[in-house]
Amino acid sequence: MYLEDNQYNDIREAIRDLMKQFPAEYFRKIDEEKAYPEQFVNALTQAGWLAALIPTEYGGSGLSLTEATVIMEEINRQGGNSGACHGQMYNMGTLLRHGSEAQKQRYLPKIATGELRLQSMAVTEPTTGTDTTKIKTTAVKKDGRYVVNGQKVWISRVQHSDLMILLARTTPLEQVTKKSEGMSIFLVDIAQAMQQGMTVRPIPNMVNHETNELFFDNLEIPEENLIGEEGKGFKYILDGLNAERTLIAAECIGDGYWFIDKVTQYAKDRQVFGRPIGQNQGVQFPIAKAFINIEAASLMRYEASRRFDAHLPMGAQANMAKLLASEASWEAANACLQFHGGFGFANEYDVERKFRETRLYQVAPISTNLIYSYVAEHILGLPRSF
Ligand SMILES: Cc1cc2nc3c(=O)[nH]c(=O)nc-3n(C[C@H](O)[C@H](O)[C@H](O)COP(=O)(O)OP(=O)(O)OC[C@H]3O[C@@H](n4cnc5c(N)ncnc54)[C@H](O)[C@@H]3O)c2cc1C
């Protein structure tokens, strides 16, 4: 937080130091070239930051979720974009919480060192969208293997990952008592899958975010790649999403502070009508308002991660933190763009890039409406709408 910037200073300083090698210009160039920030991801991995949430017995850094959020916040606050690699930080949680000891021993140490990347999680489908229990991708057990058929959309970082977590239906919807049952998760070896029935089609999009359509045509997955119990996959995925939402809230908070830092400096420097534009209250107030909302969102982020670290239920806090932070960063983005005037549109100021990047988080990984719906139904007890 801005007002009390003395929290987790060791981590903040270490990330700021690392980010000196990867200033905003680095991310601008990567964005212009639609490239993947390999050097940045490697540096973060080598320094152990992407293994923050992997326990030390599996070779990770064994940090708390609170500390992990500070890492993501600082990357984005320095002008970077954690979206290129945040999956590596939270996807392993599914394996850690629900994988067998053999799976954990086999994969986690290699994920911690960066020898294996687990950047991808395939849930969303083109014809079902947010209505996840209706997914149509199936995995049918046959001779010690699961045979997968179906389609996914918007699956990120597949081309820069070795492993992917896949959600598929193992029992048809008509045969389960609860619609959330009968889905399972699998660990997919991406390179192997691409030789044996998985097709990857990139989706060009508004941000430099590598994301894809996936097509499965009789893809065979060894039985030992099932994570946890068959039929419980949806619950396992939901468990992991709360950490994901809290980390993404932190990225938005980092973006928000970046916009505030940038626009505050500009408003002090830019002289129009013989005085700094920041002397006008019409300029000051939208910046101050966005700043207040970022500070408030940051508190909710700390509360969500505190509860996660204390093993308390925190679905509500994770969702609310993500909603507040994504809206606050967008508010700051708007103020920053507006008060840069025409210069806000010039690539070299990085404002338009960060503006695009932060907008994503009101849609993914869960849209704002679905958070309202969660709070209305699960917290306030209003009747279910779907
Ligand atoms: C760049 C990017 C990266 C992504 N990466 C991944 C990934 O790695 N893995 C993955 O599985 N998915 C990924 N996604 C998918 C993302 O999680 C979904 O796009 C998001 O959850 C919204 O789902 P949808 O696009 O199907 O929208 P839909 O479900 O079709 O909804 C469209 C709109 O309608 C609204 N809406 C729908 N139903 C209701 C309702 N009942 N009440 C009110 N409003 C409603 C939604 O809020 C939304 O605004 C990514 C998406 C993007 C854009």
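Helices, H or I runs of at least four residues, are DSSP runs numbered from the N terminus. On that basis glycine 381 sits just after helix H13 and takes a positive phi of about 70°. The structure is a predicted model. H13 itself spans residues 368-379. The helix has twelve residues and reaches 16 Å from its first C-alpha to its last. That span is close to the 16 Å expected at 1.5 Å a residue.

The chain is divided into domain 1 (9-113), domain 2 (120-231) and domain 3 (235-380). UniProt annotations, from an unreviewed entry, cover related spans. The record places "domain: Acyl-CoA dehydrogenase/oxidase N-terminal" at residues 9-115. Over residues 9-115 the chain is 64% helix and 0% strand. The end C-alpha atoms of that span are 29 Å apart. The feature "domain: Acyl-CoA oxidase/dehydrogenase middle" is placed by UniProt at residues 120-218. Here the composition is 6% helix and 47% strand, with end C-alpha atoms 20 Å apart. The UniProt annotation "domain: Acyl-CoA dehydrogenase/oxidase C-terminal" covers residues 231-364. Residues 231-364 are 75% helix and 3% strand, and their end C-alpha atoms are 25 Å apart.

The centres of domain 2 and domain 3, taken over C-alpha atoms, are separated by 31 Å. Ten residues of domain 2 are in contact with eight residues of domain 3. On the side of domain 2 that touches domain 3, six residues are nonpolar, four are polar and none is charged.

The ligand is surrounded by 23 residues. The closest are Val123, Gly129, Thr130, Ser367 and Asn369. Both domain 2 and domain 3 give residues to this shell, so the ligand lies between them. At least two shell residues come from each of strand E1 (120-122), strand E3 (145-156) and helix H13. By class, the shell holds twelve nonpolar residues, eleven polar residues and no charged residues.

Threonine 124 is found in the loop between E1 and E2. This threonine counts as partly exposed because 19 C-beta neighbours lie inside 10 Å, where 20 or more would make a residue buried. Leaving aside neighbours within four places in sequence, threonine 124 is in contact with Lys152, Val153 and Trp154. Isoleucine 135 is eleven residues away from threonine 124 in sequence. The two C-alpha atoms are 8.0 Å apart in space.

Helix H12 (residues 351-359) is largely enclosed by the rest of the structure, because seven of its nine residues are buried. The buried set is Val351, Glu352, Arg353, Lys354, Phe355, Glu357 and Thr358. These residues pack against helix H2 (24-33), H9 and helix H11 (315-339).

Phenylalanine 259 is found in helix H9 (residues 233-269). With 29 C-beta neighbours inside 10 Å, phenylalanine 259 counts as buried. Beyond its neighbours within four places in sequence, phenylalanine 259 is in contact with Ala332, Ala333, Ala335, Cys336 and Lys354. Lys354 is also one of the buried residues of H12. Phenylalanine 259 and glycine 79 are 180 residues apart along the chain. Their C-alpha atoms are separated by 9.2 Å.

Several backbone features were also identified. Most residues other than glycine have a negative phi, and most peptide bonds are trans. Aspartate 143 has a positive phi of about 50° although it is not a glycine. This aspartate lies in the loop between strand E2 (138-142) and E3. Aspartate 143 is exposed, with 7 other C-beta atoms within 10 Å. Asparagine 218 also departs from a negative phi, with a positive value near 55°. Asparagine 218 lies in strand E7 (residues 211-222). With 12 C-beta neighbours inside 10 Å, asparagine 218 counts as exposed. A cis peptide bond joins alanine 364 and proline 365, with omega about 0°. Proline 365 lies in the loop between H12 and H13.

Note on methods
Residues numbered from 1 in each chain as written. Predicted model: local features only at pLDDT ≥ 70, side-chain atom pairs only at ≥ 80, totals over all residues. UniProt positions renumbered as here; feature names shortened; annotations may be inferred. Near = placed C-beta within 6 Å. Nonpolar A, V, L, I, M, F, W, Y, C, P; charged D, E, K, R; others polar. Domains from an automatic or database assignment. Contact = placed C-beta atoms within 7 Å. Expected span 1.5 Å × (residues − 1).
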